[in-house]
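Work through the exercises below with the coordinates open. Try each task before reading its solution.

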Amino acid sequence: MKNLLTCAILGLAATPVIGQEAVTYPFDGSFEDATFAVENAIIGKGLVIDYVSHTGDMLARTAADVGSTVPLFEAADIFLFCSAQISREVMEADLMNIAHCPYGIFVTERDDAVMVGYRTYPDGEMQKVQALLDEIAQDAVGG
């Protein structure tokens, strides 16, 4: 019985934790140039930016309120948007894909390094969204 319990515990410990990951690309330039490039890449695909979240500003502004002195980013923005065509395709395949909308591309600056990225999406139909995000991110970084 003791061996069975040990095996069960080890089996649980070896189970991977599945979470969202991010794909990032370094940007050779300033944060401001990167946000301009992302905005242009999104608009260049015929998409409309619904909202720009100034997440870096919020984190800096609220650090003391939550008892933190750890600086996270010099700057961080997230561009939120949808594609009517791709959104319809993925939601016709599974209505619960609405949970992934709107889509976002982020720009961050930390330790004088600027990056552009996006979160990954599940296999299947949502890979259409991930492919769009990758095109936009690569366009923005000049890839």
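**Exercise 1. A loop residue and its surroundings**

Leaving aside neighbours within four places in sequence, which residues is Glu125 in contact with? The model is a predicted one.

Solution.
- Step 1. Locate the residue. Glu125 sits in the loop between E5 and H5.
- Step 2. Apply the contact cut-off, heavy atoms within 4.5 Å. With neighbours within four places left out, Glu125 touches Glu89, Val90, Ala93 and Asn97.
- Step 3. Check one of these by backbone distance. The C-alpha atoms of Glu125 and Val90 are 5.4 Å apart, although 35 residues separate the two along the chain.
- Step 4. Look at the side chain. Glu125 makes a polar contact with the side chain of Lys128, at 3.0 Å.
- Step 5. Classify the exposure. Partly exposed covers values between 20% and 50%. Glu125 has 31% relative accessibility, so the residue counts as partly exposed.

**Exercise 2. Chain layout**

Give the order of the elements from the N terminus on.

Solution.
- Step 1. Count the elements. The chain has five helices and five strands.
- Step 2. Read them off in sequence. The run is α-β-α-β-α-β-α-β-β-α.
- Step 3. Turn to burial. The chain has 143 residues, and 32% of them count as buried.
- Step 4. Turn to contact range. Take the contacts in the chain with a separation of 6 or more: residues 24 or more positions apart account for 68% of them.

**Exercise 3. The sheet**

Work out the strand order of the sheet, then find its edges.

Solution.
- Step 1. Trace the pairing. Five strands form an open sheet in the order E1-E5-E4-E3-E2, and the pairing is antiparallel.
- Step 2. Find the edges. E1 (22–27) and E2 (49–53) each pair on one side only, which makes them the edge strands.
- Step 3. Get the turn between neighbours. With direction ignored, neighbouring strands are turned by 20 degrees against each other on average.
- Step 4. Zoom in on one pair. E4 and E5 run antiparallel and are joined by five bridges. Within E5, Gly117 stands opposite Phe106.
- Step 5. Add the helix. H5 packs on the sheet and touches E1, E3 (75–81), E4 and E5. The direction of H5 makes about 10 degrees with that of E1.

**Exercise 4. Two positive phi values**

Where do Asp111 and Asp112 lie, and are they buried or exposed?

Solution.
- Step 1. Read the torsions. Asp111 has a phi near 55 degrees, a positive value in a residue other than glycine. Asp112 is not a glycine either, and its phi is about 65 degrees.
- Step 2. Place them. Asp111 is in the loop between E4 and E5. Asp112 lies in the loop between E4 and E5 too.
- Step 3. Compare with the exposed cut-off, over 50%. Asp111 has 59% relative accessibility, so it counts as exposed. Asp112 has 69%, so it counts as exposed.

**Exercise 5. The disulfide and the cis bond**

How many disulfides are there, and which parts does the bond tie together?

Solution.
- Step 1. Search for sulfur pairs within 2.5 Å. The count comes to one disulfide.
- Step 2. Name the partners. Cys82 and Cys101 form the disulfide, with sulfur atoms 2.1 Å apart.
- Step 3. Place both ends. Cys82 is in the loop between E3 and H4, and Cys101 in the loop between H4 and E4, so the bond ties together parts 19 residues apart in sequence.
- Step 4. Check exposure. Cys82 is partly exposed at 23% relative accessible area. Cys101 is partly exposed at 24%.
- Step 5. Move on to the next peptide bond. Cys101 and Pro102 are joined by a cis peptide bond, with omega about 5 degrees. Pro102 is in the loop between H4 (84–93) and E4.

**Exercise 6. An aromatic pair**

Why does the pair of Tyr103 and Tyr121 count as edge-to-face?

Solution.
- Step 1. Count the pairs. The structure holds one aromatic pair.
- Step 2. Apply the geometry. Plane angles over 60 degrees count as edge-to-face. The ring centres of Tyr103 and Tyr121 are 6.2 Å apart and the planes stand at 90 degrees, so the pair is edge-to-face.
- Step 3. Place the rings. Tyr103 is in E4 (103–110), and Tyr121 is in the loop between E5 (113–119) and H5 (127–141). The two are 18 residues apart.
- Step 4. Check burial. Both Tyr103 and Tyr121 are buried.

Key. Residues numbered from 1 in each chain as written. Predicted model: local features only at pLDDT ≥ 70, side-chain atom pairs only at ≥ 80, totals over all residues. Heavy atoms only, no water. Phe/Tyr/Trp six-rings, centres within 6.5 Å; stacked < 30°, edge-to-face > 60°. Helix = DSSP H or I, 4+ residues; strand = E, 2+ residues; numbered from the N terminus. Buried < 20%, exposed > 50% of the residue type's maximum accessible area, 1.4 Å probe, protein only. Pairing = 2+ DSSP bridges. Axes fitted to C-alpha atoms, helices over the stretch in contact; angles between N-to-C directions. Polar contact = N/O pair within 3.5 Å; in protein donor to acceptor, adjacent residues only side chain to side chain.
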